[in-house]
Amino acid sequence: MHRTPHSSPYSRVMPVLGLMAALLLLGLTPAPRAAAAPAADPVRVMPLGDSITGSPGCWRAVLWNRLVDSGHKDIDFVGTLPPQGCGQAHDGDNEGHGGELVTNVADRDLLPGRLAATRPDIVVMHFGTNDVWSNIAPDRILAAYTELVAQMRASNPDMRILVAQLIPMNPSSCAACAQRVADFNATIPGWARATGTDRSPVTVVDQWTGFSTATDTYDGVHPNASGDDKIAARWFPALAAALDAGVPQDPGDPGDPGEDPAACTARFRAVSSWQGGYQGEVTVTNTSASAVSGWTATVLPADGARLTQLWNGSLTTAADGTATVRNAPWNGALAPGASATFGFVASVPATAGAPAATVTCTGKAPAG
């Protein structure tokens, strides 16, 4: 019977050994395979608050999908609570506990364990509605905010914190709640200025202006679909700016020169208004301890307004009206404490209220 000859294992190995020997004689060695670059960890974002954030908290779904659609792929919403529906795909993990008071969370030290379990880089906080409803004094609520911020920084010294001025509240069982929210919101910007640091900035996001309890909630407190869209639209520019700044790198890793974020603030002012439009200006201030070589501001006009002209900067406008403004060649470099101002004209619908806009900014440190 004819057999197919089989080659010896040694006959297959010997040519390989011969090749290696030849390489060694020539002083050559096979090049090692290049190691694959490790994938960057996603930026971890904790939505923190009560039922307005948690259940169902569908503004989180709207915000998540808007971030992804705008190119922010490496994000991870985190929290010890699971998703609660909303009818659209999104990362639904959150820290929105229905009925919670921020003062109770601070008094009972509930946040450190939640932070340890989720390790966020950014906290998006709309918290205090139940405290206001319970007629707790603004100073005590702000003291709870301060305690939570300290706990966030103990968890992550580079924590970036976005704090909402609360959406309006007008439940049938609390006639005084509407004014209480307005009074409390008025205290938040001053608290944030005193609490923010260069390393761990606190950014105020105005969720109150332009939000209607009649049309944007289903019960005078909790947002409906229209309210979800408005809340997401207000969070988006501030959170996108924080994501664009990137997660602070490990000590000893210098990153890309000239691209490190530097702290800055942006302030909106209405200069004049007329039927169908207004003129506004935004002042960008370098609040860090070092110079910045450039800045980028986002402007989200209220009530459907659109920027139509701009000076002292370059303008890019998204489909929803969010404007991104980058410095002009002559006003990007800012010493510590220095400011630059750009102006614009906006068109507004006939039903719009007084001119208002949510503004945020990021700065770029000079190469060195």
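## Ring pairs and a cluster

Two rings of Phe, Tyr or Trp (its six-membered ring) count as a pair if their centres lie within 6.5 Å. With that in mind, Tyr145, Phe184 and Trp191 form one aromatic cluster in this predicted model. Across the structure there are eight aromatic pairs.

## Strand 9 meets strand 14

One of the eight aromatic pairs joins Tyr278 and Phe344, with 6.1 Å from centre to centre and 70° between the planes. That makes the pair edge-to-face, because planes over 60 degrees apart fall into that class. The two partners come from distant parts of the chain: Tyr278 belongs to strand 9 (residues 277–286) and Phe344 to strand 14 (residues 339–347), 66 residues apart.

How buried are these two rings' residues? Tyr278 has a relative accessible area of 2%, and Phe344 comes in at 0%. Both count as buried because the cut-off is under 20% relative accessible area.

## Strand 10 meets strand 14

Strand 14 also supplies Phe342, whose partner is Trp295 in strand 10 (residues 294–301). This is another link between distant parts of the chain, with 47 residues separating the two. Here the rings are stacked, at 5.8 Å centre to centre and 15° between the planes. Trp295 and Phe342 are both buried.

## A charge over a ring

Which residue puts its charged end over the ring of Phe236? Arg66 does, and its charged end sits 4.1 Å from the centre of that ring.

How values were computed: Residues numbered from 1 in each chain as written. Predicted model: local features only at pLDDT ≥ 70, side-chain atom pairs only at ≥ 80, totals over all residues. Heavy atoms only, no water. Phe/Tyr/Trp six-rings, centres within 6.5 Å; stacked < 30°, edge-to-face > 60°. Helix = DSSP H or I, 4+ residues; strand = E, 2+ residues; numbered from the N terminus. Buried < 20%, exposed > 50% of the residue type's maximum accessible area, 1.4 Å probe, protein only. Lys NZ or Arg CZ within 6 Å of the ring centre and 35° of its normal.
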